[in-house]
Amino acid sequence: MARIIKSCLQSALKCVNLIMAMVGIAMILYGFWMVRIWQRDMGGSSFDDFNSTAPWFIYTFLGTGITLCLLTCLGHIAADTANGFCLFCYMVIISVLLLVETGIAADVLLNSEWEKDLPEDPTGRFHDFKEFIESNIDIFKWIGFIIFLGQGLSVLSAMALRACGPNQCSNYDSDEEFNQARLPLINNHPQQPAYVIVDPPFANKNEAWNMNK
């Protein structure tokens, strides 16, 4: 029964972990698309013709996507091995990520001038992305809710899997086979010797000598 529960927890952790994988891959693809558009807009001009500020939004988008993909790999390894240290590291990173996301969401919702805290984006991709989110705000609310829910379930699944303990190697496919293997220890009857007791070779000679005498 414990093995079935652990297997279900491992499968659940892998499934919710795929949510971050899909988000990370989408962010990487969108980041490469923004890089391509930025290079096309620049054309043959040098970077000095544009704002001297680095394209931080594109770099942040790509870095976040790569981080989510690496975190997905860590979660898959932790779920597959059920290693306590890997699960602990995974839970800590996901918890920190949730805190950062919560702080950013609170700042955007409570601070009406949150855009002034960010440096200027020379590519203009940040403004386009913000307008795209505002025009599809209902869809992105559900996407954000699914991401938060997936990360929360990842932490809970990792905690439950870590509580079950590490995988224990067993050579028995069922409890019946395990009990059968222990039967000789319970019913420890002495075995019959494998040798045969015979009369000593000199016994016949002594009887013949007594008869002759």
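Start with the whole chain in view: of its contacts with a separation of 6 or more, 80% are between residues 24 or more positions apart. What you have open is a predicted model, so keep that in mind as you click around.

**Stop 1: the whole chain.** Colour by secondary structure. You'll find seven helices and zero strands, and reading along the sequence gives the pattern α-α-α-α-α-α-α. Now colour by burial: of the 213 residues in the chain, 25% are buried.

**Stop 2: the annotated spans.** Next, select residues 12-36, 56-78, 85-106 and 139-161. UniProt, in an unreviewed entry, lists these under "transmembrane region". Zoom in on two of them. Residues 12-36 are 100% helix and 0% strand, and if you put a distance marker between the end C-alpha atoms, it should read 37 Å. Do likewise for residues 139-161: this span is also 100% helix and 0% strand, with its end C-alpha atoms 33 Å apart.

**Stop 3: the nonpolar core.** Which residues have the most contacts inside the largest nonpolar core? Select Leu13, Phe57, Tyr90 and Ile94, and you have them; the core has 31 residues. Helices H1, H2, H3, H4 and H5 each put at least two residues into this core.

Stay on Leu13 for a moment and show its surroundings. Setting aside neighbours within four places in sequence, Leu13 is in contact with Gly75, Ala79, Leu87, Tyr90, Ser154, Ser157, Ala158 and Leu161. Tyr90 and Ser154 are both on that list, and you'll meet them again at the next stop.

**Stop 4: Asn17 and Ser154.** Select Asn17, which sits in helix H1. Is Asn17 buried or exposed? It counts as buried, because its relative accessibility is 1% and the cut-off for buried is under 20%. Not counting residues up to four places away in sequence, Asn17 touches Leu71, Thr72, Gly75, His76, Tyr90 and Ser154.

Follow that last contact across to Ser154, in helix H5. Ser154 counts as buried too, since its relative accessibility is 0%. Beyond its neighbours within four places in sequence, Ser154 is in contact with Leu13, Val16, Asn17, Met20 and Tyr90. Show Asn17, Ser154 and Tyr90 together: Asn17 touches both Ser154 and Tyr90, and Ser154 is in contact with Tyr90.

**Stop 5: the loop between H2 and H3.** Where is Ala82? Look in the loop between H2 and H3. Check its backbone angles: phi is positive, about 55 degrees, although Ala82 is not a glycine. This loop residue counts as buried, because its relative accessibility is 2%.

**Stop 6: the largest pocket.** Finish by turning on a pocket display. The largest pocket holds about 2000 Å³ of space. To find its centre, select Phe61, Ile104, Phe129, Ile133 and Phe140, which are the closest to it of the 42 lining residues. Then colour the lining by helix: H1 (2-42), H2 (56-81), H3 (84-110), H4 (125-135) and H5 (137-163) each give two or more residues. Which helix gives the largest share of the lining? That would be H3, with ten residues.

One last recolouring, this time by residue type: the lining of the largest pocket divides into 32 nonpolar, five polar and five charged residues.

Definitions and conventions:
Residues numbered from 1 in each chain as written. Predicted model: local features only at pLDDT ≥ 70, side-chain atom pairs only at ≥ 80, totals over all residues. Heavy atoms only, no water. UniProt positions renumbered as here; feature names shortened; annotations may be inferred. Helix = DSSP H or I, 4+ residues; strand = E, 2+ residues; numbered from the N terminus. 1 Å grid on protein atoms, 1.4 Å probe; cavity = no way out; pocket = protein on both sides within 12 Å on 5 of 7 lines; lining within 4 Å. Points joined across faces, edges and corners; volume = space filled by probe spheres on them. Nonpolar A, V, L, I, M, F, W, Y, C, P; charged D, E, K, R; others polar. Core = buried A, V, L, I, M, F, W, Y, C linked by side-chain atoms within 4.5 Å. Buried < 20%, exposed > 50% of the residue type's maximum accessible area, 1.4 Å probe, protein only. Contact = heavy atoms within 4.5 Å.
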